[in-house]
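These are my notes from going through one model. I looked up a few backbone oddities and then the metal sites.

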Amino acid sequence: MFATWVGVMLLLTWRTGVIEAQSDPTEVESCVTCHQALPDGPLSDPVTRYGDDVHSGKGFGCVACHGGDGTILGPEAMDPARGFLRDLSRQRIPTMCGHCHSDAAFMRQYNPGLRVDQEVEYQSSVHGQRLVQESDSLVATCVSCHPAHGIRPPSDPLSSVHPLNVAKTCSACHANAQYMADYGIPTDQAEKYGRSVHGEALTVARDLGAPTCNDCHGNHGAAPPGVSWVGNTCGQCHSVQEQHFETSRHGEIFPLIGIPGCAACHNNHEIQAASDEMIGVGEGGICAKCHTEESEGGIQALQIRRLIDSLRIQLDSSRALLESAENSGVEVSQAQYDLEAAHSALVESRAAVHTFRAGAVDSSVAAGLAITDQAFIRGMDALGELRFRRTGLAVFALITVVLIVALLLKIKEIEGPSMSYIMFTREMRLPETRGPGSSDRNDEESS
Ligand code: HEC
Ligand code: HEC
Ligand code: HEC
Ligand code: HEC
Ligand code: HEC
Ligand code: HEC
Ligand code: HEC
Ligand code: HEC
Ligand code: HEC
């Protein structure tokens with residue numbers, strides 16, 4: 001041990017030149033001075049990485065987490081008697097971070113908006129419980145998800161917990177079949193999530209409103225406040241469906257018999273876009289998973305489907321009608337605007353499917369149908385108007401032609417006599433002018 005330290009001190013003298021010059025506490029912590037001089041590897045890496053850390057940015061040094069005395073450039077800096085935490089075992093880490101992050105008064109000085117429940121939440125999670133109760137060394141601790149010396153706020157795109165990076169952070173363990181072998185749980189969550197509506201919305205459309213792992217499982221591995229189990233978290237974002245579901249027979253019975261709520265019909269990680277075809281007991285219908293055609297569930301399914309289909313078909317045909325009227329130049333923008341309300345009614349009806357009762361779906365479908373009926377009438381009127389206009393145009397054209405002909409005839413009628421008069425007079429005059437009035441004839445020809 002002593003030999004090691006002599007080596008370290010010699011290395012230090014060699015790498016940093018004059019030790020005394022570096023040991024001014026206002027300059028830099030002795031921990032940094034010594035550790036950055038140590039050979040490349042786990043003892044010096046923390047110094048290099050710490051430059052981009054959020055704590056470094058707030059002026060905290062190594063001592064803030066590790067304790068010890070940053071003014072001593074020697075082994076005594078890491079003396080447990082000077083507060084140095086020798087024990088860096090996984091069990092110690094939540095308390096190390098929680099020392100500040102669970103202290104509301106301390107944290108308020110820096111950022112009053114920041115939550116101070118990370119340690120408590122973590123302790124209640126599967127990770128935290130296994131860590132403490134079973135001394136499980138494979139579960140995640142604070143520094144599995146936040147890199148110990150390169151911590152960044154979640155809003156930083158380079159952060160391991162930025163929404164676009166969370167799936168990758170969790171996958172480091174959860175997609176590693178070898179690492180997870182002892183637990184007998186699937187390791188396909190990230191893969192399935194990646195091809196779900198949520199995963200695609202987040203990574204392809206960059207819709208930060210779409211959930212990633214922590215939105216459903218809680219930032220710190222426990223379900224979010226007020227939610228008893230993870231399956232209920234869907235309601236954070238899909239509150240209308242959640243409300244309908246809660247009041248339904250399914251909402252009542254699923255928790256009692258262990259059916260996983262929303263996930264029973266939508267899956268949990270591989271959630272796909274919903275469609276009307278899902279309602280039913282035939283092919284593609286999900287109700288068939290648990291209901292026969294003759295059962296009450298099957299009967300309701302068919303009725304609900306019929307209702308939704310009728311509104312969708314009416315909406316589509318009204319839209320098409322108004323569109324053709326618009327393309328023909330009839331003004332129908334108000335009717336098109338009004339029809340949007342029928343689209344909203346269709347959205348409401350689809351959400352009302354989660355009551356799983358035709359009666360409840362019927363009321364929003366009826367409201368929608370009343371609007372599509374109006375729009376349909378307006379569309380037919382518009383086409384009628386168009387027909388009227390077209391007939392009008394034909395009549396107008398006919399009248400114009402008749403008028404032109406009449407006008408020509410009239411012109412002929414007016415001009416006719418004078419012309420025949422000229423011809424007539426010419427004829428009449430010819431014999432006369434032949435002879436003595438030949439000058440007359442020349443005059444007329446030259447004019
Ligand atoms: C004079 C050089 C020197 C100084 C100053 C120094 N260290 Fe170290 N530190 C070492 C060496 C060498 C080791 C590896 C040997 C050991 O663990 O004792 C080490 C180990 C560590 C470890 C790993 C402990 C473990 O159990 O794996 C931590 C953490 C650490 N130092 C933090 C600090 C902090 C914080 C400070 C400032 C308060 C500090 N060091 C000051 C040289 C130094
Ligand atoms: C935000 C808290 C925090 C700060 C600040 C911090 N560390 Fe650490 N450090 C840790 C934690 C937690 C671990 C244990 C990491 C693990 O188990 O993976 C650790 C581990 C270490 C180790 C052991 C690495 C190993 O792999 O054995 C060294 C050396 C170390 N830190 C040095 C430093 C130095 C030097 C500084 C200042 C530049 C520093 N740390 C600042 C939290 C911190
Ligand atoms: C010495 C007190 C202290 C310790 C110990 C500490 N932190 Fe911090 N941490 C802070 C303060 C102060 C901030 C800055 C808050 C702010 O201004 O937003 C912060 C910021 C953070 C942030 C960014 C929060 C945000 O959204 O801005 C994360 C993540 C974080 N710490 C995680 C950890 C982890 C993980 C550990 C343990 C390895 C740890 N901290 C240890 C005091 C501490
Ligand atoms: C299983 C992974 C995981 C573990 C373990 C974990 N965190 Fe986090 N942490 C996250 C995620 C994900 C976020 C981002 C939340 C968000 O998007 O707002 C986060 C955010 C934070 C923040 C920012 C403020 C907040 O609450 O959103 C702090 C501070 C923080 N964690 C501290 C800790 C501390 C301290 C521990 C250990 C007691 C810890 N974390 C353990 C994943 C984890
Ligand atoms: C360091 C590795 C590691 C990381 C990183 C990690 N976990 Fe875990 N996680 C585990 C282990 C190990 C278990 C225990 C498995 C068990 O008990 O079935 C576990 C358990 C869980 C469970 C409970 C599984 C069950 O059986 O009910 C959930 C949910 C979970 N993790 C989600 C996450 C999420 C979300 C993230 C990222 C924010 C994450 N984990 C990050 C290792 C990790
Ligand atoms: C849309 C919400 C949602 C998202 C996003 C989500 N999960 Fe889950 N997860 C669930 C539900 C619901 C369960 C089932 C819980 C139950 O049955 O108690 C579950 C179960 C799990 C389990 C337990 C084992 C299993 O497969 O059943 C693990 C581990 C897990 N999720 C990890 C993850 C990870 C990692 C991610 C990100 C890649 C993720 N989850 C994303 C909702 C979600
Ligand atoms: C018994 C099966 C079932 C359960 C349980 C279920 N849904 Fe649905 N869900 C459906 C069907 C069927 C559709 C398709 C409705 C349509 O498009 O006509 C759907 C559609 C959706 C849609 C797409 C938008 C919409 O309203 O059409 C969302 C979002 C949704 N469900 C969320 C949830 C949530 C959140 C829960 C849990 C609170 C849940 N679902 C529970 C069957 C179910
Ligand atoms: C953090 C918010 C959030 C959470 C939590 C969430 N979702 Fe979503 N969900 C979204 C967003 C945003 C979309 C829209 C994605 C897109 O652009 O298509 C979506 C889309 C859907 C769709 C497809 C809707 C459609 O129009 O076809 C279904 C079904 C769905 N979610 C079900 C669920 C279920 C089931 C859960 C819980 C296990 C859940 N969601 C949790 C935000 C969330
Ligand atoms: C995961 C299985 C499952 C799926 C999928 C499912 N149900 Fe059910 N449903 C049940 C259970 C269980 C009951 C309770 C039966 C009871 O009360 O005895 C029930 C009850 C009902 C009831 C009340 C029946 C009664 O006798 O009062 C209706 C209506 C119903 N479901 C409609 C539907 C419709 C519509 C769908 C498809 C959109 C559907 N269910 C999908 C499991 C399911």
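I started with asparagine 267, which sits in the loop between helix 18 and helix 19. The model is predicted, and I read the backbone angles with that in mind. Asparagine 267 is not a glycine, yet its phi is positive, about 75 degrees. I noted this because most residues other than glycine have a negative phi. I then looked up its exposure: asparagine 267 has a relative accessible area of 35%, so I entered it as partly exposed.

I found a positive phi at arginine 206 too, about 50 degrees, and this residue is not a glycine either. Arginine 206 belongs to the loop between helix 14 (197-203) and helix 15. Its relative accessible area is 55%. The cut-off for exposed is over 50%, so arginine 206 is entered as exposed.

Next came the iron atom of ligand 6. Which protein atoms are its donors? I found NE2 of His217 and NE2 of His269, lying 2.0 Å from the iron. There are six donor atoms around this iron, and the angles they subtend run from 89 to 180 degrees; I therefore recorded the arrangement as octahedral. For reference, the ideal angles for six octahedral donors are 90 or 180 degrees.

Where do the two histidines of this site lie in the chain? Histidine 217 is in helix 15 (residues 213-217), while histidine 269 is in the loop between helix 18 (263-266) and helix 19 (296-327). The pair therefore ties together parts that are 52 residues apart in sequence. Asparagine 267 is in that loop as well. I checked exposure for both ligating residues: histidine 217 is partly exposed at 37% relative accessible area, and histidine 269 is partly exposed at 22%.

I repeated the lookup for the iron atom of ligand 3. His55 and His101 coordinate this iron through NE2, at 1.9 Å. The angles subtended by its six donor atoms are 87 to 180 degrees, which makes this arrangement octahedral. Histidine 55 lies in helix 5 (residues 54-57) and histidine 101 in helix 7 (residues 93-101), so this pair ties together parts 46 residues apart in sequence. Histidine 101 is partly exposed, with a relative accessible area of 25%.

Last, I looked at glycine 329, in the loop between helix 19 and helix 20 (333-352). Is glycine 329 buried or exposed? I have it as exposed, with a relative accessible area of 52%. I also took the C-alpha separation from glycine 329 to alanine 382, which is 9.7 Å for residues 53 apart along the chain.

Notes. Residues are numbered from 1 along each chain as its sequence is written. Chains are lettered from A and ligands numbered from 1 in the order in which they are written. This is a predicted model: local features need pLDDT of at least 70, side-chain atom pairs count only at pLDDT 80 or more; totals for chains, interfaces and linings use all residues. Side-chain values use heavy atoms; hydrogens and water are left out. Donors are N, O and S atoms within 2.8 Å of the metal (3.2 Å for Na, K and Ca); water is not among the atoms, so sites may look incomplete. Four donors count as tetrahedral if all angles lie between 85 and 135 degrees; four count as square planar and six as octahedral if opposite donors are over 155 degrees apart and all others between 65 and 115; anything else is irregular. Helices (H or I, at least four residues) and strands (E, at least two) are DSSP runs, numbered from the N terminus. Buried means under 20% relative accessible area, exposed over 50%, partly exposed in between (1.4 Å probe, protein chains only).
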